[in-house]
Amino acid sequence: MRKLKTAVFGTGFMGRVHTEAIRRLGNVEVAGIAASSDEKAAKFGAEVGVERTSGDYHTFLRDPEINAVHVCTPNLLHFPMAKAALEAGKNVLCEKTVGDLC
């Protein structure tokens, strides 16, 4: 079975929860962390053992190796991030439904 690569958008409580949950799946790798700044992303990446980080989530949307993204940001960012990810051809797991936010 091919290992899937995902990026987690958000470094708060839910970002940490999703990162840990992804690791427990076994066939999915946390391949990137995106935050509101390079510094926040790098700090969180170091804490959870993910080398590739960015202050711009579009970095991971442009990467053809990323299969899916987990949107774990503040609610007001869910819709634009999920929409951009879907338009980039990524699978999306959103921490809350985006329908309530449109």
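Which residues have the most contacts inside the largest nonpolar core? Hello everyone, let me start there. What we have on screen is a predicted model, so please keep that in mind as I walk you through.

The largest nonpolar core has 13 residues, and the ones with the most contacts inside it are A7, F9, Y57, F60, L61, I66 and V69. Several elements supply two or more residues to this core: β1 (4-9), β2 (28-34), α3 (58-61), β4 (68-71) and α4. Helix α4 gives the largest share, 3 residues. If you would like one residue to click on, try I66. Setting aside its neighbours within four places in sequence, I66 is in contact with K5, T6, A7, A31, F60 and K90.

There is also a second, separate core of 9 residues, and V8, I22, V48 and V50 are included in it. Let me stay with V48 for a moment. You will find V48 in helix α2. Is V48 buried or exposed? Its relative accessibility is 13%, and buried means under 20%, so V48 counts as buried. Not counting residues up to four places away in sequence, V48 touches R16, T19 and R23. By contrast with those contacts, here is a longer span: V48 and T73 are 25 residues apart along the chain, and their C-alpha atoms are separated by 17 Å.

Now, on to the sheet. In what order do the strands of the open sheet come? There are 5 strands, the order is β3-β2-β1-β4-β5, and the pairing is parallel. At the edges sit β3 (53-54) and β5 (91-94), each of which pairs on one side only.

Let's look at β1 and its two partners. Towards β2, β1 is joined by 6 bridges, and the two run parallel. In that pairing, L4 stands opposite V28 of β2. With β4, β1 pairs over 4 bridges, again in the parallel sense. Here V8, which we met in the second core, has H70 in β4 as its bridge partner.

And why do we call β2 largely enclosed by the rest of the structure? Because 6 of its 7 residues are buried.

A good residue for seeing how β1 sits among its partners is T6, which has its place in that strand. T6 counts as buried, at 2% relative accessibility. Leaving out neighbours within four places in sequence, its contacts are I22, V28, E29, V30, A31, G32, I66, A68, V69 and H70. You may recognise I66 in that list, and the contact between I66 and T6 came up a minute ago.

Next, the pocket. The largest pocket has a volume of about 250 Å³. It is lined by 17 residues, and those nearest its centre are G10, T11, S36, T73 and P74. Two elements give two or more residues to this lining, α1 (13-25) and α4 (75-87). For those of you who think in side-chain chemistry, the lining divides into 9 nonpolar, 6 polar and 2 charged residues.

Let me pick out S36 from that group. S36 is found in the loop between β2 and α2 (38-48). With a relative accessible area of 61%, S36 is exposed. How far apart in space are S36 and Y57? They are 21 residues apart in sequence, and from C-alpha to C-alpha the distance is 8.5 Å.

G10 gives us another pair to look at. L77 and G10 are 67 residues apart in sequence and 10 Å apart in space, C-alpha to C-alpha. L77 itself is found in helix α4. L77 is partly exposed, with a relative accessible area of 33%.

My last stop is C72, in the loop between β4 and α4. C72 is buried, with a relative accessible area of 7%. Beyond its neighbours within four places in sequence, C72 is in contact with V8, F9, G10, M14, G15, H18 and E95. One of those, H18, is 54 residues away along the chain, with the two C-alpha atoms separated by 7.9 Å. The list also brings together names from earlier: F9 from the largest core, V8 from the second one, and G10 from the pocket lining.

That's my tour. Thanks for listening, and I'm happy to rotate the model to any residue you would like to see.

Technical notes. Residues numbered from 1 in each chain as written. Predicted model: local features only at pLDDT ≥ 70, side-chain atom pairs only at ≥ 80, totals over all residues. Heavy atoms only, no water. 1 Å grid on protein atoms, 1.4 Å probe; cavity = no way out; pocket = protein on both sides within 12 Å on 5 of 7 lines; lining within 4 Å. Points joined across faces, edges and corners; volume = space filled by probe spheres on them. Nonpolar A, V, L, I, M, F, W, Y, C, P; charged D, E, K, R; others polar. Core = buried A, V, L, I, M, F, W, Y, C linked by side-chain atoms within 4.5 Å. Buried < 20%, exposed > 50% of the residue type's maximum accessible area, 1.4 Å probe, protein only. Contact = heavy atoms within 4.5 Å. Pairing = 2+ DSSP bridges.
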